[in-house]
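This briefing is intended to be read alongside the sequence and the three-dimensional structure. Please keep both in view while working through the points.

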Amino acid sequence: MPHHDLVIIGSGSGNSLLTPELEGLDVAIVEKGVFGGTCLNVGCIPTKMFVLPADRVVDADDARRLGVTFTDPTVDWPAVRDRIFGRIDPISAGGEGYRRGQEHVTLYRTRARFVGDRRLVLDTGEEVTADRVVVAAGSRAVGLTVDGLTGADPDRGVHTSDTVMRMDALPPRMAVVGGGFVACEMAHVFDGLGVDVVQVQRSERLLMAEEEEVSRRFTEVTTARYDVRLRTTVTAAERVDGVWRLTLSGPEGESTLEAETVLLAVGRRPNTDLLDAVDGGLALHVDGRVVVDAQQRTSVPGVWALGDVSSPWQLKHVANHDARVVAHNLAVDLGRVDGPPRENTLGPVPHAVFGHPQVAAFGPTAAELDTAGTPYVTKAQEVGDVAYGWALEDRHGVLVVHASPRGEILAAHMLGTQASSVIQPLVQAASLGQTALEVARGQYWIHPALAEVVENALLGLPLEG
Ligand SMILES: Cc1cc2nc3c(=O)[nH]c(=O)nc-3n(C[C@H](O)[C@H](O)[C@H](O)COP(=O)(O)OP(=O)(O)OC[C@H]3O[C@@H](n4cnc5c(N)ncnc54)[C@H](O)[C@@H]3O)c2cc1C
Ligand SMILES: NC(=O)c1ccc[n+]([C@@H]2O[C@H](COP(=O)([O-])OP(=O)(O)OC[C@H]3O[C@@H](n4cnc5c(N)ncnc54)[C@H](O)[C@@H]3O)[C@@H](O)[C@H]2O)c1
């Protein structure tokens, strides 16, 4: 029975654990899927590479308002797709090859399941034990409880984000089910690339978890662009002659929607069930995530967890930071690094939805601050009211900042061009404890750059004194 110093389950963020401090350990990586995990192969990176060409199409159309007209675009799907995966697939293969070539690393290309504390059985039948285990097994897309739509079935035109980006050809029509991150990004991509998209969202707005003003404006812009069915669910589905006929239940009662392709984008669940995590003694939250403490330790000594399998945030920058904490704490545990273990105490967690326009945010919404009874002041700065907003002829963009009455930055919520980059100075300020006035008046703001929206929002806060 092979015994290793360290077994890592999952080659996404888990693959970045092997820092120089862990050099020479007998390490095994177990990976059942594509090497490199979700972000590289089917997540952040390819999706953003698909978003960009769609942005170009939408921006070209929008340029009409600026007095510039382009001829209608031609989309070469195989060229778009193959450029993206022509870049990504070799990175995955190269990463796998590198690990295979390392003398002290064993790569098991199969699934692992726990059968005891730090004891695993692989789908090959082999049993593997380890002094230390890191669970970095990620999450996976869920389906609907509707017959035919319970999971991806690409041959029958049912996709999740794992499969939709590799389609042979663009379908004429696509039903996108969901109103969260994946649904909004993918609906933008496929509408932009010329597919007739209908997005079906059970709630009253898209991106319901965002600040209401942002979610409302995003929904307005999106519904003006393509067909969005709000407060609507899919209750039944049948496929006839290669076309899905979905029965929808919405505000006006029952209706039918036809599409060659259905994209299921209704959330992701942690992969602890595939791991038999409970048999490994791991305590789980009710939603299936592994319980970890501030040092990323699980309930079993010698077992750590990181990323989507344990985090309340299914975000790559969070998984990466978890991995840095675990790598340090492994090195401390092994006596290779002096000092106390590290705690996972970074500031507020930002996120962005790369739709068109983008949405980016961190911190509580106004509704959450109200519920918590936290005193706060707010400024909603229109993007269209700063100089670069005039250049953009911006009509929808807004940056909402919430701060304490004394100027500590609590939250920012933005809809607009490059929101994912524009809010970063606010993430920095909130993380490093800089006040609104320090940030607004403690530096030059390049004029007339889009970042002036941040400066103006901060100066517009009705602070005490
Ligand atoms: C479409 C999409 C777009 C996204 N875009 C963004 C974005 O723009 N920005 C952002 O921050 N986040 C984004 N995310 C989220 C981000 O991809 C994840 O948060 C991140 O990749 C999680 O990393 P991880 O290491 O926890 O898991 P993963 O990268 O998923 O790695 C887990 C690995 O474990 C393997 N595994 C699971 N169970 C077992 C087992 N029992 N045995 C062996 N191997 C196993 C899996 O095959 C997988 O390769 C996106 C996600 C999706 C789906
Ligand atoms: N840009 C990014 O950072 C990015 C991009 C994609 C995904 N992600 C991560 O991946 C996670 C998963 O993304 P997601 O979009 O799948 O999930 P999500 O939680 O963001 O959204 C799920 C959506 O599905 C809807 N839904 C759930 N069950 C439903 C049902 N039975 N019928 C109809 N609608 C239903 C919800 O109302 C919601 O609109 C995100 O939460 C995010 O953390 C991040």
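The points below cover two ligand surroundings, a helix pair and a sheet.

The structure is a predicted model. Ligand 1 is surrounded by 35 residues, and ligand 2 by 23. Helix α2 belongs both to the shell of ligand 1 and to a helix pair with α3, whereas α5 contributes to the shell of ligand 2 and also packs on a sheet.

**Surroundings of ligand 1**

- Among the 35 residues around ligand 1, the closest are G10, G12, G37, G138 and G307.
- Four helices, namely α1 (37-41), α2 (44-62), α7 (272-275) and α8 (316-333), each provide at least two residues of this shell.
- By residue class, the shell around ligand 1 comprises 13 nonpolar, 16 polar and six charged residues.

**Packing of α2 against α3**

- Helix α3 spans residues 77-100 and packs with α2 at an angle of about 150°, the two axes lying 10 Å apart.
- Angles over 145 degrees count as roughly antiparallel, and α2 and α3 are therefore roughly antiparallel to each other.
- The crossing of α2 with α3 is right-handed.
- On the α2 side, the contact involves I45, P46, M49, F50 and P53, which meet V80, I84 and I88 of α3.
- The residues of this contact comprise eight nonpolar, no polar and no charged.

**Surroundings of ligand 2**

- The residues that come nearest to ligand 2 are G178, G179, G180, V182 and Q314.
- Helix α5 (181-192) and strand β18 (351-353) each supply at least two residues of the shell around ligand 2.
- The element that gives the most to this shell is α5, with four residues.
- The shell around ligand 2 divides into 11 nonpolar, nine polar and three charged residues.

**The five-stranded sheet and α5**

- Strands of a sheet pair through backbone hydrogen bonds, in either a parallel or an antiparallel arrangement.
- Here, five strands form an open sheet with parallel pairing, in the order β8-β15-β9-β10-β11.
- Strands β8 (158-159) and β11 (227-229) have a single partner strand each and stand at the edges, so one side of each is left without a neighbour in the sheet.
- Within the sheet, β9 (residues 173-177) and β15 (residues 261-264) pair in the parallel sense over four bridges.
- V177 has L264 in β15 as its bridge partner.
- Helix α5 packs on this sheet and touches β9, β10 (196-200) and β15.
- The direction of α5 makes about 165° with that of β10.

Note on methods: Residues numbered from 1 in each chain as written. Chains lettered and ligands numbered in written order. Predicted model: local features only at pLDDT ≥ 70, side-chain atom pairs only at ≥ 80, totals over all residues. Near = placed C-beta within 6 Å. Nonpolar A, V, L, I, M, F, W, Y, C, P; charged D, E, K, R; others polar. Axes fitted to C-alpha atoms, helices over the stretch in contact; angles between N-to-C directions. Parallel < 35°, antiparallel > 145°, perpendicular 65-115°, else oblique. Left-handed = near helix turned anticlockwise from the far one by under 90°. Contact = placed C-beta atoms within 7 Å. Pairing = 2+ DSSP bridges.
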